[in-house]
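Student: I have a new structure open and I'm not sure how to read it. Could you walk me through it, one feature at a time?

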Amino acid sequence: MTHWEHFPHDADVGVRGQGASLAEAFEQAALAMTAAITDPAGVAPRTPVEIACEAPDEEMLLVDWLNALVFEMASRKMLFSRFEVRIDGRRLQARAFGEPVDAARHQPAAEVKGATFTALRVAREASGDWLAQCVVDV
């Protein structure tokens, strides 16, 4: 079942994505990260941004992916609400769709500074679904 959620952490926010594929789990983890900032339903997926990263393993790839999104959000002053991820081995190609931040409309609750290695886990569960999670620094 594809979904995202937050999990408790002392000072920061745990983001977790689950999906039928590794790519879906990464998409959902990104959505959970957006939800730490604002309601993703209020972010129009108007403008696509291309993102690519590569890492030695799936866990590092998740951290690199989320940090690439943090960089794009900060440098473009955007929020994203839809993601198309393709993973080939240890390479990720993605498109993130979003719009410029409108403080009055989006009412950002926090600023994500980066993905961390805390509670980092990427694994296929017994159900066959993929899980991708870590804590993000807010």
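Student: Let's start with the sheet of three strands. In what order do the strands sit, and is the pairing parallel or antiparallel?

Tutor: One thing before that: this is a predicted model. Now the general idea: strands of a sheet pair through backbone hydrogen bonds, either parallel or antiparallel. Here the three strands follow the order 3-5-4 in an open sheet, and the pairing is antiparallel. Strand 3 (47–54) and strand 4 (78–88) are the edge strands, each with a single partner strand, so one side of each has no neighbour in the sheet. On average, neighbouring strands of this sheet are turned by 20° against each other, direction ignored.

Student: How many bridges join strand 4 to strand 5, and how many link strand 3 and strand 5?

Tutor: Strand 4 and strand 5 (residues 91–100) are joined by 10 bridges. Strand 3 and strand 5 pair over eight bridges, again in the antiparallel sense.

Student: Which residues could I click on to see that pairing? Say, what is the bridge partner of Arg 82 in strand 5?

Tutor: Arg 82 has Phe 97 as its bridge partner in strand 5. You can also try Met 78, whose partner in strand 5 is Pro 100. For strand 3's pairing with strand 5, pick Glu 50, which is matched with Arg 95 in strand 5. While you're there, keep in mind that in a regular strand the side chains alternate between the two faces of the sheet.

Student: What happens in the hairpin of strand 4 and strand 5?

Tutor: That hairpin has two residues between the strands, and Gly 89 takes a positive phi near 65° there.

Student: And the helices? Which strands do helix 1 and helix 2 lie across?

Tutor: Helix 1 (residues 22–35) lies across strand 4 and strand 5, and runs at about 165° to strand 4. Helix 2 (residues 58–76) lies across strand 3, strand 4 and strand 5, at about 140° to strand 3.

Student: Let me zoom in on one helix residue. Is Gln 28 buried or exposed?

Tutor: Gln 28 lies in helix 1. Its relative accessibility is 13%, and buried means under 20%, so Gln 28 counts as buried. Leaving out residues up to four places away in sequence, Gln 28 touches Thr 2, His 3, Trp 4, Arg 16, Gly 17 and Gln 18.

Student: How do I find empty space, and how much of it lies in the largest pocket?

Tutor: Rolling a probe the size of a water molecule over the atoms shows where empty space is left. In this model the largest pocket holds about 230 Å³ of space. Among the residues lining that pocket are Ile 37, Val 70, Met 73, Lys 77, Leu 79 and Glu 111.

Student: Where does the largest share of that lining come from, and what classes of residue does the lining have?

Tutor: Helix 2 gives the largest share, three residues. Helix 2 and strand 4 each supply at least two residues of the lining. By class, the lining has 10 nonpolar, no polar and two charged residues.

Student: Now for strand 8. Why is strand 8 described as largely enclosed by the rest of the structure?

Tutor: Seven of the eight residues of strand 8 (residues 130–137) are buried, so the rest of the structure largely encloses this strand.

Student: Which strands pair with strand 8, and over how many bridges?

Tutor: Strand 2 (residues 13–19) pairs with strand 8 over seven bridges, in the antiparallel sense. Gly 14, for example, has Val 135 as its bridge partner in strand 8. Strand 6 is joined to strand 8 by two bridges, also antiparallel, and there Ala 115 is matched with Val 136. Strand 7 and strand 8 pair over four bridges, antiparallel too, with Arg 121 partnered by Gln 133. Strand 7 and strand 8 form a hairpin with five residues between them, and Gly 128 in the turn has a positive phi of about 100°.

Student: Last one: where is Thr 118, and what is it in contact with?

Tutor: Thr 118 sits in the loop between strand 6 (114–115) and strand 7 (121–124). At 37% relative accessibility, Thr 118 counts as partly exposed. Setting aside neighbours within four places in sequence, Thr 118 is in contact with His 9, Cys 134 and Val 135. Thr 118 and Cys 134 are 16 residues apart in sequence and 5.9 Å apart in space, C-alpha to C-alpha.

Note on methods
Residues are numbered from 1 along each chain as its sequence is written. This is a predicted model: local features need pLDDT of at least 70, side-chain atom pairs count only at pLDDT 80 or more; totals for chains, interfaces and linings use all residues. Side-chain values use heavy atoms; hydrogens and water are left out. Two strands pair if DSSP finds at least two bridges between them. Axes are lines fitted to C-alpha atoms, for helices over the stretch in contact, and angles run from 0 to 180 degrees between N-to-C directions. Contact means heavy atoms within 4.5 Å. On a 1 Å grid over the protein atoms alone, a cavity is a set of points where a 1.4 Å probe fits but cannot get out, and a pocket is an open set with protein on both sides within 12 Å along at least five of seven lines; lining residues have an atom within 4 Å of a point. Grid points are joined across faces, edges and corners, and a volume is the space filled by probe spheres set on the points. Ala, Val, Leu, Ile, Met, Phe, Trp, Tyr, Cys and Pro count as nonpolar, Asp, Glu, Lys and Arg as charged, and the others, Gly among them, as polar. Buried means under 20% relative accessible area, exposed over 50%, partly exposed in between (1.4 Å probe, protein chains only).
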